[in-house]
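This report is for a reader who is new to the structure. Please look over the sequence and the model before reading on.

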Amino acid sequence: MQQIHILWIDDEIDLLKPHILFLEKKNYKVSTVTNGVDALDAIEETRHDVVFLDENMPGLSGLETLVQIKEKRRNLPVIMITKSEEENLMEEAIGNQITDYLIKPLNPNQILLSLKKNLDHSRLVSEQTVSNYQQEFRKIAMDMLMVNSYEEWIVFYKKLVHWELQLENINDTGMLEILQSQKQEANSQFFKFIKKNYKDLLKDDKLLFSHNLFLKVVAPLVVKKPTLMIVMDNIRYDQFRIMESTINKYFTKIKEHDYYSILPTATQYARNAIFSGLMPLEMEKQHPEFWKNDMDEGGKNLYEKEFLSAHLKRLGLNVKHEYFKITNLAKGKELAANFQKIKENDLTVVVVNFVDMLSHSKTEMEVIKELASDDKAYRSLTMSWFTNSPLLEIIKKAQVMGLQLVITTDHGTINTQNPTKIVGPKEISTNLRYKTGRSLSYQEKDVYATSNPKEIGLPQNAINSSFVFAKEDLFFAYPNNYNYYVKYYRNTYQHGGISLEEMIIPCVVYEPK
């Protein structure tokens, strides 16, 4: 490890000789000066990793020296040392971007702790994180062999996401690659679980799916207190986790209701199911004027507001409600600016389409492919949007208005890597992760197929029409122009199939702080 070079600035530097010797024994290199002017020359001439700066010096004061150091070396850490404990002095030093603040008389361990906290922090965290994951690795592998229920898969997936977020912040790509291989194996096992159990899981009324989420989670809240329900289209659990630290500044988490998206994990099925409280087959039967199948012309999500109103009426909930859909920045800003107008509502629903547009843009635009080249970059781009979005302004205003908050999504998305061939007639759906149509030919091992869609609550577009769902990170490709389409769609974010990322998704209830 490279030796740390300290510049110590103090007009009584001779009195600090024991501390300097202590640090040198710990393999730190220490250079000393007795005034601010010499210090400024020293940082121009030599590279230093950190500065110890006495606050009370004759001539150029500590604070004056600090300002000029930051002008010359903005990112150079400065630890201020002083006899004074005056609050205004501390605030001024912090305002000028000191790294730490030590009070005289000093003791060696106090100095060492400050150095480790501020210089070795990343290395220490990295080493401990790797050590913790290495200990957890075997347990994760064993748990994967045992997990075999709806609830166990949610817990297991959340554990994988936890370690993914921990490991991405350290400089050990080897550990992250090992975790990614565990995620791939987990998705393989999860696909087998869904293929075997999906029909039976849907029959269990105790389990949360898209179509009963509103009934079981949202409806009980609305009758007690005005509620804001935000549905962020296409948000994965890992994306939500990094956004949550910002949400937590304004709201306190009450309960997490993580749940499964229905199949297909696509907006027209899953989000319509949330608002209608019905499976797609029942939507088609009860609301033929609103429901659109894959082959039908026109938008597939144009009637969410009507589905919601019909659902509330069916539940006997006579509540004042409004529905808004944010599809662009202008609509988001308009809603944020006028959000106070919803104060009389019992329920306000806001659907946000940005992340869905982002995933589609990665397929179509080279610049987005560069910005969201992998899951870590995809999360970072999502977080950058969220912290600068009108949605965050809406959340802040909801906190001031005292609304309880429900944040959820309709499905997640997965970075597709590997093609699987499919053959069918022209009348076949276009989604890359699921297909519906007649006379489909596919690789059996790569899909969950049903020739009787009604068994899993889906409409049958025509006689002999079936559904097939791609597993893991596969995407469907036709034999015609195969190589072109494989190159075009590989490493793009898609949804509609079966993966942990697409199916296991967050729903969190908050109270305002």
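The text below describes two sheets and the helices that pack on them, in a model that is predicted.

**The three-stranded sheet**

One open sheet is made of 3 strands in the order β14-β17-β16, with antiparallel pairing. Its edge strands are β14 and β16, each of which pairs on one side only. Neighbouring strands of this sheet are turned by 20° against each other on average, with direction ignored. Helix α8 packs on the sheet, where α8 touches β16 and β17, and the direction of α8 makes about 15° with that of β16.

Strand β17 covers residues 465-470, and 6 of its 6 residues are buried, so β17 is largely enclosed by the rest of the structure. In a regular strand, side chains alternate between the two faces of the sheet. In β17, S465, F467 and F469 point one way, while S466, V468 and A470 point the other way. The residues on both sides are buried.

Strand β14 (residues 434-438) runs antiparallel to β17 and is joined to it by 5 bridges. Strand β16 (residues 447-450) pairs with β17 in the antiparallel sense over 4 bridges. The table lists residues that face each other across strand pairs, including one pair from the other sheet.

| Residue | Opposite residue | Strand of the opposite residue |
|---|---|---|
| G437 | S466 | β17 |
| R438 | S465 | β17 |
| A449 | V468 | β17 |
| V406 | V509 | β21 |

**Helix α8**

How far apart are the end C-alpha atoms of helix α8? They are 42 Å apart. Helix α8 has 31 residues (residues 173-203), which at 1.5 Å a residue should span 45 Å, so the two values agree. Helix α8 also bends, by about 65° at N197.

**The six-stranded sheet**

A further open sheet has 6 strands in the order β7-β21-β11-β6-β10-β9, and its pairing is mixed. The edge strands here are β7 (251-256) and β9 (321-326), and each pairs on one side only. In this sheet, neighbouring strands are turned by 20° against each other on average, direction ignored.

Within this sheet, strand β11 (residues 404-408) pairs with strand β21 (residues 507-512) over 4 bridges in the antiparallel sense.

Helix α9 (residues 210-222) lies across four strands: β6 (227-232), β10 (347-352), β11 and β21. Helix α9 runs at about 165° to β11.

Note on methods:
Residues numbered from 1 in each chain as written. Predicted model: local features only at pLDDT ≥ 70, side-chain atom pairs only at ≥ 80, totals over all residues. Heavy atoms only, no water. Helix = DSSP H or I, 4+ residues; strand = E, 2+ residues; numbered from the N terminus. Expected span 1.5 Å × (residues − 1). Bend = angle between axes of the 7 residues up to and from the residue. Buried < 20%, exposed > 50% of the residue type's maximum accessible area, 1.4 Å probe, protein only. Pairing = 2+ DSSP bridges. Axes fitted to C-alpha atoms, helices over the stretch in contact; angles between N-to-C directions. Contact = heavy atoms within 4.5 Å.
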